[in-house]
Amino acid sequence: MDDIKDAVSRLPESPGVYRFYSAEDVLIYVGKAKSIKKRVSSYFSKSTGVNRKTLRLVSEIRRIDYTVSNSEFDALLLENNFIKQNQPKYNILLKDDKTFPYICVLKERYPRIIYTRKYLPEQGEYFGPYSSVVAMKNVLELVRKLYTIRTCSLLLSEQNVAQKKFKVCLEFHIGNCKGPCEGLQAEEAYMEEISQARYILKGNLSIVYNHLNDQMKGFATNLEFERAQAIKEKLDTLERFQSKSLVVNRDVTDIDVFTITSIEAYAYVNYLQIIEGSIVFSKTVELKKKLDEPDEELLSLAVAELREQTNSKNEVILSNVDITVLEDGVENVVPKIGDKKKLIFLSLKNALELKKEKEIFREGKKTKQQEVLMILQKDMKLPTLPKVIECFDNSNLGGTSPVASMVRFVDGKSERKGYRHFNIKTVEGPDDFASMKEIVGRRYKRILEEGQPLPDLIIVDGGKGQLSSACEALKELNIYGKVPIAGIAKRLEEIYYPEDPFPLLISKKSPGLLLLQQIRDEAHRFAITFHRLKRSKKHFSSALEGIEGIGHKTAEKLLKHFKSVKKIKEASLEEIAAIIGQKKAEAMKR
């Protein structure tokens, strides 16, 4: 910790990003600050009023790194990039598993306008993303009704068109294309239509409306009434589209609206992008809190991420709480009355809808799991609800490489970070009973030493013999009777209790028994996997030791470095030589 404090004292006062690393040199947290030194110092100077998650974070810090930036907003963007690339375990997670569609004007002669879910900037100019496929298709349909944009994928190079390589298709004959493939439409005229289409894709409908209106009046003045009527029909199409999408006062133009609502573990942010009085984009995201971050900090992160996704250039952001970090030239307003306040209500309504949906989903899952645990409690006549269940299993083959496993289930779901492997240390040969006593004793001796709570139920994979051995271990630790323990025999799925000569038979259809079987099978799978790995390593180590010049220590060194037998086999001569030397490496590769 002294090394950490020395590192903190050398940090700069500049704005930027700081990064915390664990003992394994894994990035566990990224933060931004106006002053890196002051912000990082605060983690180590406060001893009261700090939540448990932050205290745990601080206890894991072993190294600090930082990157200086020009401003706090630049630091926010940099922080966002680090989080997306590394997903540190103590950082906010912006949960969004959807891939939204884009409209793209391709970079080609006589450009096509397509929709895609892949964002490849080198391919063309992108518009969006769109929050719904229907909305995106409506915009694309509008563009194709107003303009004659080609839909074919022909390579319309000057040479190909001059050599008459292509013939016009049905789209030309029904009036949806003017035949650039045969040189029937000049490139300049085609690009003028693309230019107008871009205004629609950007949401600038008024520019398109004025352009078409001027065209219509020009044709009417020249007594070209049929052409004027065709333009009028386009204007009507544009007005119908605009009337469907217009939900905002026309005076409220070119703004972004962000609102946030949060609960203990999650926050929900809605974003509305408004161009010329129309909502052109709407999206609601869920953020998973890690360190009880305030709404202002969460919203600042979401604003930067969502505006980057939509490439928003709007210079005004409306929100229901203050945004602490803003891009230069962007204004934040928290409206109190009027149409802008109504927009806040609309956005917040969307955020609350996602919050409600997620809470119902989580509550539904929780309720179902609670019901199963209540059934199990009733079936096994347990004194309390078995929220935490730990199950033990042994694995050996002919007495070789004996191992054991323990799996942990919390609220009816596996908690993988609570799983444990055991190498049997005090037992020689295939003695399941003695092995069970050893691992149960080791597990709960450590639990008691660390002051951790005992589980609500202990399950042993096996019958009376394994159960008796486990009970002996609990008696030696003076915790026998403090926590329910039972054995589950595979043949008839019988449940055995200590000191009870008759097994308990639970209905094969009981959800409680199905949960016990799932837990037992998971413990067995976990033990078998570890046993196979250990046997494989032992076999490979023995095979290595058969090579002249390769001993036990050399084999262990290789396994320690490469982590698995497979990786050793795949390693090159140079990689192996770097660990054990050239001669031994050559001997292995013969």
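Me: Which residues of helix H14 are called buried?

Reply: In H14 the buried residues are Gln466, Leu467, Ser469, Ala470, Cys471, Ala473 and Leu474. Buried means a relative accessible area under 20%, exposed means over 50%, and partly exposed lies in between (1.4 Å probe, protein chains only). The model is a predicted one, in which local features need pLDDT of at least 70 and side-chain atom pairs count only at pLDDT 80 or more, while totals for chains, interfaces and linings use all residues. Residues are numbered from 1 along each chain as its sequence is written, and side-chain values use heavy atoms, with hydrogens and water left out.

Me: What do the buried residues of H14 pack against?

Reply: They pack against H13, strand E17 (457-461), strand E18 (485-489) and E19. Contact here means heavy atoms within 4.5 Å. Helices (H or I, at least four residues) and strands (E, at least two) are DSSP runs, numbered from the N terminus.

Me: How do you know that the span of H14 agrees with what is expected?

Reply: The expected span is 1.5 Å times one less than the number of residues. H14 covers residues 464-476, which is 13 residues, so it should span 18 Å, and its end C-alpha atoms are 18 Å apart. After H14 comes asparagine 478, with a positive phi near 60 degrees.

Me: What span does helix H13 have, and which of its residues are buried?

Reply: H13 (residues 432-450) has 19 residues and reaches 27 Å from first C-alpha to last, close to the expected 27 Å. Its buried residues are Ser435, Met436, Glu438, Ile439, Val440, Gly441, Arg443, Tyr444 and Ile447. An α-helix has 3.6 residues a turn, so residues three or four places apart point the same way. Glycine 451 follows H13 and has a positive phi, near 70 degrees.

Me: Why is asparagine 394 called buried?

Reply: Its relative accessibility is 11%, and the limit is under 20%, so asparagine 394 counts as buried. Asparagine 394 lies in strand E13 (residues 388-397). Leaving aside residues up to four places away in sequence, asparagine 394 touches Val403, Ala404, Asp432, Ser435, Met436 and Ile439. Its C-alpha is 8.5 Å from that of isoleucine 528, a residue 134 positions away along the chain.

Me: Why are lysine 164 and glutamate 499 called exposed?

Reply: Lysine 164 has a relative accessible area of 55%, and the cut-off is over 50%, so lysine 164 is exposed. Glutamate 499, with 69%, is exposed too. Lysine 164 sits in the loop between helix H6 (158-162) and helix H7 (170-173). Glutamate 499 sits in the loop between strand E19 (494-496) and helix H15 (511-545). Lysine 164 has a positive phi of about 55 degrees although it is not a glycine. The phi of glutamate 499, also not a glycine, is positive at about 65 degrees.

Me: How do you know that cysteine 169 is not bonded to cysteine 152?

Reply: A disulfide is a covalent bond between the sulfur atoms of two cysteines. It is counted when the two sulfur atoms are within 2.5 Å. The closest cysteine sulfur to that of cysteine 169 belongs to cysteine 152 and is 6.1 Å away, so it is too far for a bond. Cysteine 181 is in no disulfide either; its nearest cysteine sulfur, that of cysteine 152, is 6.0 Å away. The search of the whole structure finds 0 disulfides.

Me: Are cysteine 169 and cysteine 181 buried or exposed?

Reply: Cysteine 169 has a relative accessible area of 39%, so it is partly exposed. Cysteine 181 has 8%, so it counts as buried.

Me: What makes a space in this structure a cavity, and how many are there?

Reply: On a 1 Å grid over the protein atoms alone, a cavity is a set of points where a 1.4 Å probe fits but cannot get out, and lining residues have an atom within 4 Å of a point. The structure holds 2 cavities of 30 Å³ or more. The largest cavity has about 80 Å³ of space. Its lining includes Tyr29, Leu76, Glu79, Ile83 and Leu301. Strand E2 (27-33), helix H4 (72-86) and helix H11 (295-310) are the elements that give two or more residues to this lining.

Me: Which residues of H4 are buried, and what covers them?

Reply: The buried residues of H4 are Phe73, Ala75, Leu76, Glu79, Asn80, Phe82 and Ile83. Their cover includes strand E1 (16-21), E2, strand E3 (63-68) and H11.

Methods:
1 Å grid on protein atoms, 1.4 Å probe; cavity = no way out; pocket = protein on both sides within 12 Å on 5 of 7 lines; lining within 4 Å. Points joined across faces, edges and corners; volume = space filled by probe spheres on them.
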